[in-house]
Amino acid sequence: MPFPDESEMKNSVRPLHLLSLNVPEYPFLLEQVYAILDQARIRLVQLRQLTLYGQMLLLIVLEIPGKSGLSVLKKKLQSLDRLQFHLETLDPELYQAVFHDYILTLLGRGLSSSLIGSLLDYLRKRKIQDRSISPLEAEQAQVFERKISSPEVLDRQMLMSGLMDLRNRHDVDLALQPDDLFRRNKRLIFLDTDMTFIQCEIINEISHMDGFEGLVKQITERAMKGEIDFREALAQRVATLKGVRLSNLERLILNMPNTHGVKRLVRILKMLGYRIGIVSSGFSLVIDHIRNRFDLDYGFANTLDIRD
């Protein structure tokens with residue numbers, strides 16, 4: 001029997017009930033639960049299931065026919081040994097309200113309780129509901145997707161700007177996307193290059209070769225503070241590279257440290273049918289090398305003027 005989506009819950013006439021089940025790993029117990037629901041002609045409106053370290057939590061939104069249906073269902077579920085359950089009537093306002101759903105992705109080397117608590121406080125103050133959390137597999141990092149809902153369409157740029165302090169304090173990356181069909185079927189991904197695809201800032205490494213590392217760092221800091229704009233900062237940093245030998249630059253490029261796991265990431269994304277690109281505020285000489293080495297589809301960067 002196909003399950004209706006949340007829009008059907010909003011149009012439902014009968015009251016809806018939430019059945020919460022804590023189901024241990026016990027043969028046939030879950031099948032017995034569904035058999036009881038089927039015999040009582042109970043309609044399944046929504047279904048969520050989570051299994052973690054041998055423990056399963058099952059949440060089912062039900063539409064129960066008849067005035068006595070609720071008490072009959074409770075008695076039948078109580079007859080099942082080892083089953084723990086809770087059955088409650090839902091507030092109509094919960095499923096009749098219209099919400100806009102988003103996925104907030106968190107990535108970091110370690111996601112602390114302090115981070116999660118601060119994030120939930122930030123969302124609550126903006127009347128954004130935290131619906132669910134799911135882990136994603138990643139090497140040497142923790143990645144979680146949180147489904148959040150808002151009664152209003154979110155200004156994603158404003159929300160992410162507000163989370164900037166949280167990102168800096170906890171050294172975590174955040175991304176926000178609408179939770180729709182387009183998100184689930186994306187097949188194009190672009191990655192930053194410096195300190196993401198590779199573990200260095202190329203322009204800093206080049207400036208180290210010709211002794212201008214301190215000056216380049218100073219220019220970068222002024223740009224970060226807004227004292228000079230990006231184009232002017234780039235022009236000043238590139239000017240310090242005058243006189244660098246091409247052979248030395250090529251040697252540096254061949255020894256760039258790649259981010260751990262990036263080869264596996266590219267392989268998996270290609271298996272899933274993704275087209276992959278990289279972008280950089282650095283130079284095309286570097287980007288072209290990376291793009292060819294990893295067989296990437298796109299690469300965009302500035303072009304250095306190289307003369308004999």
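Arg-291 is partly exposed, with a relative accessible area of 25%; here buried means under 20% relative accessible area, exposed over 50%, and partly exposed in between (1.4 Å probe, protein chains only). Asp-288 also falls in the partly exposed class, at 31%. These two residues form a salt bridge whose closest N and O atoms are 3.6 Å apart, a salt bridge being a side-chain nitrogen of Lys or Arg within 4 Å of a carboxyl oxygen of Asp or Glu. Both lie in helix H14 (residues 284–293), three residues apart, which is about one turn of the helix. Helices (H or I, at least four residues) and strands (E, at least two) are DSSP runs, numbered from the N terminus. Elsewhere, Asp-101, Lys-147 and Asp-179 are joined into one network by salt bridges that share partners.

The model is a predicted one, so local features need pLDDT of at least 70 and side-chain atom pairs count only at pLDDT 80 or more, while totals for chains, interfaces and linings use all residues. Residues are numbered from 1 along each chain as its sequence is written, and side-chain values use heavy atoms, with hydrogens and water left out.

Nine salt bridges are held in the structure. One of them joins Arg-146 to Asp-130, with the closest N and O atoms 2.6 Å apart. This pair links distant parts of the chain, since Arg-146 sits in strand S7 and Asp-130 in strand S6, 16 residues apart. Arg-146 counts as buried because its relative accessibility is 6%, whereas Asp-130, at 32%, counts as partly exposed. A further salt bridge connects Glu-227 and Arg-222 at 3.3 Å between the closest N and O atoms, and Arg-222 is partly exposed at 32% relative accessibility.

Strands S6 and S7 belong to an open sheet of four strands, ordered S6-S7-S5-S8 with antiparallel pairing; two strands pair if DSSP finds at least two bridges between them. S6 (129–136) and S8 (173–178) stand at the edges with a single partner strand each, so one side of each is left without a neighbour in the sheet. Neighbouring strands of this sheet are turned by 20° against each other on average, direction ignored. Seven bridges join S6 to S7 (residues 142–150), and the bridge partner of Ser-134 in S7 is Glu-145.

Another open sheet of four strands has the order S2-S3-S1-S4, again with antiparallel pairing. Its edges are S2 and S4 (84–89), each with a single partner strand, so each has one side without a neighbour in the sheet. The average turn between neighbouring strands here is 15°, direction ignored. Helix H2 (residues 29–39) packs on this sheet and touches S1, S2 and S3, its direction making about 5° with that of S3. Contact means heavy atoms within 4.5 Å, and axes are lines fitted to C-alpha atoms, for helices over the stretch in contact, with angles running from 0 to 180 degrees between N-to-C directions. Helix H3 (residues 69–78) likewise packs on the sheet, touching S1, S3 and S4, and its direction makes about 170° with that of S4.

S1 (residues 16–23) is joined to S3 by eight bridges, with Leu-58 in S3 as the bridge partner of Leu-21. S2 and S3 pair over nine bridges in the antiparallel sense and form a hairpin with two residues between them, where Tyr-53 in the turn has a positive phi of about 50°.
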